[in-house]
Amino acid sequence: VKIDVASDKCIGAGLCAMVAPEVFDQSTEKGTVVLLTPTPDEAQAADVREAAHLCPSRSITVRR
Amino acid sequence: MTEMASAAVSDAAVSDAAVSDEAASGLPFFPMERDARCPFDEPPAYRRLREQEPISRAVLWNGRKVWVFARYEDQRTILTDPRFSADLRRPGYPLLNTQAAVLEGGGARSFVFLDDPEHDRVRRSLIKEFTVKRIEALRPRIEQIVDGALDAMLAGPKPADLVKALAMPVPSVVICEMLGVPYADHEFFQEVNEHIVSREVNSGTVRDGHQELNEYLVKLVDSKREQPGDDMISRLLRDQVDEGRMTLEELPINLLLLLLAGQEPTTDMIGIGTAVLLQHPEQFAELGTTQDPKFVAGAVEEILRYASINHVGIRRVAAADVEIGGQLIRAGEGVVLVTDSAARDEEVFDDAAQPDVHRGARNHLAFGYGVHQCIGQTLSRVELQTVFRALARRVPTLRLAVPLDEVPFRHDMNIYGVHSLPVTW
């Protein structure tokens, strides 16, 4: 899967970093989303999709 | 004189006016009553609304008509639609009794009652204080605070009130340390808060308490300016106010929000969550024996879903004409999203009326959704994980000291939970 994040839309709820910490982090300076792994493997796909679904500002886009 | 007289009108009197208005309009009163025999469930009328009338009309305490949304999906849709405003000064916003009181007094608004771009600017100046990593770094200290409170409870007489022994002090000490507010003053701000979340308090009392707490925080900010410490207030002054992202005038009201929102809801979740677990001893026991932090985290998500403490819903006012679920909502009309109904929506949660710590669903609306979703949710999660895990591990024989129907649930408050929880072990 391939992921895009929009840190300008991100409101720092932190759900992505909670659900998929290998893929998403938060900037120390801004608190907004930082993408650690733009193309996570299949084993991480379920967590990534859940993170995208939970994201309250809809800042995560997942593509196949 | 007129102002004093109107301040002296209690909300109980206003409620009476609303009841006669209800009779005139034929609309039900919102929020509806819970069934005292099923204290963990949403008001029974919400099931009928979900199934038969997911978008309906009701009247509030002040006689204002609102749209009531009972289903999960509609609520998520509205919470991500910027045409619904969170600005409580906008005409038509469905105010709570206590918000109306504060507003009448000319009280300032914290960022949760602003729309973008103002909301976004203030929120952005706060979020780095609440990242998952920052909060995880506090976990050892939170464990220490929980253990200290538990030590004291276990050393004291039985039965004990778990609310006083654990649910109140833990979140209060934690948020005070984070912000840099002296915990020694907790009785003062807890009393103010008790008025702010009450459905029945005199509006003058709410207004005065709010103002007094705001003034207290203005003074505290001044003293941090003179003598900065290693705390959030000092950092916000240095990194946000001095850098021009937030004004000095905006700081106290936002601190007031963080101070109160950091305590009351977590206190209520600890109280009612413990009550839930004690009704399901096998689930409580599993929390005590597990070695898996992910299981503990999952159990907390389920308690957040199952035991809804938001009794009054999430509120917005339409800033434009919007069609939702085939219903036209006109600009200026108020909407209420009934999150305790969403938590029981069978379209989303199988067997929703049953708590199940193995459910593994994190998509509840306990922290809201959309750009206003709770900024302190990670902190709340870590506190709840620490408390429930410590209780189940250290006090496996914990049980209610009175029958469930003698536990005083908070039917009289805008935020639900238990006033006290008599326990023994």
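What is the volume of the largest pocket? In this predicted model, the largest pocket has a volume of about 990 Å³, and the tour begins there.

**Stop 1: the largest pocket**

Select B:Arg139, B:Pro293, B:Lys294, B:Ala297 and B:Gln385, which lie nearest the centre of the largest pocket among its 42 lining residues. Then colour the elements that each supply at least two residues of this lining: from chain A, helix 1 (15-19), strand 2 (24-26) and helix 2 (42-54); from chain B, helix 7, helix 16 (293-306) and helix 18. By class, the lining of the largest pocket comprises 17 nonpolar, nine polar and 16 charged residues.

**Stop 2: helix 7 against helix 18 in chain B**

Keep helix 7 (residues 132-155) and helix 18 (residues 377-394) of chain B on display; their axes are 9 Å apart and the angle of packing is about 35°. The crossing of helix 7 of chain B with helix 18 of chain B is right-handed. To inspect the contact, show side chains on helix 7 of chain B, including B:Val132, B:Ile135, B:Arg139, B:Ile142, B:Val146 and B:Leu150, and on helix 18 of chain B, including B:Leu379, B:Val382, B:Gln385, B:Thr386 and B:Arg394. The contact of these two helices contains 11 nonpolar, three polar and seven charged residues. B:Arg139 and B:Gln385 take part in this contact and are also among the residues nearest the centre of the largest pocket.

**Stop 3: the five-stranded sheet of chain B**

Move next to the open sheet of chain B, whose five strands follow the order 1-2-8-5-3 with mixed pairing. Strand 1 (55-59) and strand 3 (84-85) of chain B each have a single partner strand and stand at the edges, so one side of each has no neighbour in the sheet. Within the sheet, select strand 5 (residues 314-318) and strand 8 (residues 334-337) of chain B, which pair in the antiparallel sense over four bridges. Labelling B:Arg315 shows that B:Val336 in strand 8 of chain B stands opposite.

Now add helix 4 (residues 72-79) of chain B, which lies across strands 1, 2 (65-69), 3, 5 and 8 of chain B and runs at about 125° to strand 8 of chain B.

**Stop 4: an enclosed space**

The model has five cavities of 30 Å³ or more. Turn to the second largest cavity, with a volume of about 110 Å³. Select A:Cys10, A:Ala13, A:Gly14, A:Cys16 and A:Cys55, the closest to its centre of the 14 residues that line the second largest cavity. This lining has nine nonpolar and five polar residues, and no charged residues.

Terms used: Residues numbered from 1 in each chain as written. Chains lettered and ligands numbered in written order. Predicted model: local features only at pLDDT ≥ 70, side-chain atom pairs only at ≥ 80, totals over all residues. Heavy atoms only, no water. Axes fitted to C-alpha atoms, helices over the stretch in contact; angles between N-to-C directions. Left-handed = near helix turned anticlockwise from the far one by under 90°. Contact = heavy atoms within 4.5 Å. Nonpolar A, V, L, I, M, F, W, Y, C, P; charged D, E, K, R; others polar. Pairing = 2+ DSSP bridges. 1 Å grid on protein atoms, 1.4 Å probe; cavity = no way out; pocket = protein on both sides within 12 Å on 5 of 7 lines; lining within 4 Å. Points joined across faces, edges and corners; volume = space filled by probe spheres on them.
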